[in-house]
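Here's a short problem set to work through with the model open in your viewer. Try each task before you read its solution.

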Amino acid sequence: MGRKVAATVFVEYKIPDNAILLSRDVTKGFEERIFTIAPGGEQI
């Protein structure tokens, strides 16, 4: 799917249903989070 850099405080990205996503801070420090998006659009 690729990589996308946020220009503001959020990123809009088209994803397939039931995708498992990884959010990673590559600028400084070390912060990662694995998540999915529920059918209503809620991050879980």
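**Exercise 1. Place Ile-34 in the chain, work out whether its side is buried or exposed, and find its patch partners.**

Step 1: Ile-34 sits in strand 2, residues 32-35. Strands here are DSSP runs of E with at least two residues, helices are runs of H or I with at least four, and both are numbered from the N terminus.

Step 2: Ile-34 has a relative accessible area of 64%, so the residue is exposed. The cut-offs are under 20% for buried, over 50% for exposed and partly exposed in between, with a 1.4 Å probe and protein chains only.

Step 3: Ile-34 joins Ile-20 and Leu-22 in a nonpolar surface patch, and together they have about 350 Å² of accessible area. Patch members need over 30% relative accessible area and no salt bridge; nonpolar side chains (Val, Leu, Ile, Met, Phe, Trp, Tyr) are joined within 5 Å, like charges within 9 Å. A salt bridge would be a side-chain nitrogen of Lys or Arg within 4 Å of a carboxyl oxygen of Asp or Glu.

Before going on, a note on the source: this is a predicted model, where local features need pLDDT of at least 70 and side-chain atom pairs count only at pLDDT 80 or more, while totals for chains, interfaces and linings use all residues. Residues are numbered from 1 along each chain as its sequence is written, and side-chain values use heavy atoms, with hydrogens and water left out.

**Exercise 2. Sum up the whole protein: which secondary structure, what extent, how much burial?**

Step 1: Count zero helices and two strands.

Step 2: The C-alpha trace spans about 30 × 20 × 20 Å along its principal axes.

Step 3: Of the 44 residues, 9% are buried. The accessible surface is about 4,400 Å², and carbon and sulfur atoms own 54% of that. The areas come from the Shrake-Rupley method with a 1.4 Å probe; for residues, only the protein chains shown count as cover.

Step 4: Take the contacts between residues at least 6 apart in sequence: 0% of them join residues at least 24 apart. Contact means heavy atoms within 4.5 Å.

Step 5: For charge, there are 6 positive and 6 negative ones, with mean positions 6 Å apart. Lys and Arg count as positive and Asp and Glu as negative, leaving out His and the chain ends.

**Exercise 3. What is notable about the phi of Asn-18?**

Step 1: Asn-18 belongs to the segment before strand 1, which covers 21-24.

Step 2: Its phi is near 60°, a positive value in a residue other than glycine. Most residues other than glycine have a negative phi.

Step 3: Asn-18 counts as exposed because its relative accessibility is 77%.

**Exercise 4. Which residues does Arg-33 touch beyond its sequence neighbours?**

Step 1: Arg-33 is in strand 2, and its relative accessible area of 47% makes it partly exposed.

Step 2: Skip neighbours within four places in sequence, and the contacts are Leu-21, Leu-22, Ser-23 and Gln-43.

Step 3: Follow the link to Gln-43, found in the segment after strand 2. Besides Arg-33, Gln-43 touches Phe-35, Thr-36 and Ile-37, not counting residues up to four places away. At 41% relative accessibility, Gln-43 is partly exposed.

**Exercise 5. How far apart in space are Ile-15 and Ile-37?**

Step 1: Ile-15 lies in the segment before strand 1 and is partly exposed, at 30% relative accessible area.

Step 2: Ile-15 and Ile-37 are 22 residues apart along the chain, and their C-alpha atoms are separated by 9.1 Å.

Key
The place of a charge is taken as NZ of Lys, CZ of Arg, CG of Asp or CD of Glu.
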